[in-house]
Amino acid sequence: MATEDESKKAQIVEARARNISHNVRCTECGSQSIEDSNADVAVLLRKLIREEIRSGKSDKEIYQKLEEDFGETVLYAPKFDFQTAALWLSPVIVAGAAAGVWAYQRHRQRTNVHIMALNLVRGVPLTPKEKETMLDLITPPRQPRRWPWERR
């Protein structure tokens with residue numbers, strides 16, 4: 001009976017150790033978890049994790065110890081704080097800024113059409129670019145070509 005309990009405890013320790021090891025990056029390899037790596041550091045970290053589990057520490061405490069010893073980059077899932085928020089949100093901010101610039105350009109182009117129209121009324125000649133813009137705006141879009149047997 002005692003060996004059965006010991007084997008169950010060993011299985012639980014092994015399962016927890018593997019779970020933690022899959023979430024910890026090898027400091028030597030960088031791209032592999034310590035579970036997948038055969039580097040000396042990874043082997044030592046796996047042993048350390050198993051010792052910590054046997055001593056009764058929780059997974060959270062083990063992650064905190066690893067983070068204190070090796071830095072936040074050792075974890076595959078870093079904490080969400082101001083620094084990481086800025087990193088993850090920067091593409092959204094850049095896309096929003098680009099959309100704002102695009103919208104402003106469109107607004108200015110439409111505003112410039114009004115100014116061009118006023119200049120025409122006042123008798124101020126248009127530049128070739130302004131003429132092209134006015135013609136693009138005034139000319140209706142081309143209708144798709146229809147076959148003779150189709151009804152409108």
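In this predicted model, helix H2 is followed by Gly56, a residue whose phi is positive, near 100°. The helix that precedes this glycine covers residues 40–54, and its length can be checked by simple reasoning: at 1.5 Å a residue, its 15 residues should span 21 Å, and the end C-alpha atoms are indeed 21 Å apart, which agrees with the expectation.

The residues of H2 do not share one environment. Buried positions in this helix are Ala42, Leu45, Arg46, Ile49, Arg50, Glu52 and Ile53. When H2 is viewed down its axis, these buried residues fall within an arc of 160°, so they line one face of the helix. On the other side of H2, the exposed residues are Asp40, Leu44, Glu51 and Arg54.

The next helix to be considered is H3, which comprises residues 59–70. Here the same kind of check can be applied: at 1.5 Å a residue, the 12 residues of H3 should span 16 Å, and the separation of its end C-alpha atoms, 16 Å, agrees with this. Within H3, the buried residues are Ile62, Leu66 and Glu67. Seen down the axis of H3, they fall within an arc of 135°, so they too line one face of their helix. Lys60 and Glu68, by contrast, are exposed on the other side of H3. Just after H3 comes Gly71, which takes a positive phi of about 95°.

The arrangement of these two helices can be described through their axes, which come within 11 Å and cross at roughly 140°. That angle makes H2 oblique to H3, because only angles over 145 degrees count as roughly antiparallel. The crossing of H2 and H3 is right-handed.

A link between H2 and an earlier part of the chain is provided by Val13, which is found in helix H1, residues 2–22. Val13 has a relative accessibility of 15%, and it therefore counts as buried, the cut-off for that class being under 20%. Although Val13 and Arg50 are 37 residues apart along the chain, their C-alpha atoms are separated by 6.9 Å. Arg50 is itself one of the buried residues of H2.

Further along the chain, helix H4 runs from residue 82 to residue 122 and includes Arg106. With a relative accessibility of 34%, Arg106 counts as partly exposed, since this class lies between the limits of 20% and 50%. Arg106 and Ser33 are 73 residues apart in sequence, and the distance between them in space, C-alpha to C-alpha, is 49 Å.

An annotation from a record can also be placed on the model. In an unreviewed UniProt entry, the feature "transmembrane region" is assigned to residues 85–104. In the model, this span is 100% helix and 0% strand, and its end C-alpha atoms lie 27 Å apart.

Beyond H4, Thr127 occupies a place in the loop between H4 and helix H5, the latter formed by residues 128–138. Thr127 is partly exposed, with a relative accessible area of 40%. The C-alpha atoms of Thr127 and Met116, which are 11 residues apart along the chain, are separated by 9.7 Å.

Terms used
Residues numbered from 1 in each chain as written. Predicted model: local features only at pLDDT ≥ 70, side-chain atom pairs only at ≥ 80, totals over all residues. Heavy atoms only, no water. Helix = DSSP H or I, 4+ residues; strand = E, 2+ residues; numbered from the N terminus. Expected span 1.5 Å × (residues − 1). Buried < 20%, exposed > 50% of the residue type's maximum accessible area, 1.4 Å probe, protein only. Arc of directions from axis to C-beta. UniProt positions renumbered as here; feature names shortened; annotations may be inferred. Axes fitted to C-alpha atoms, helices over the stretch in contact; angles between N-to-C directions. Parallel < 35°, antiparallel > 145°, perpendicular 65-115°, else oblique. Left-handed = near helix turned anticlockwise from the far one by under 90°.
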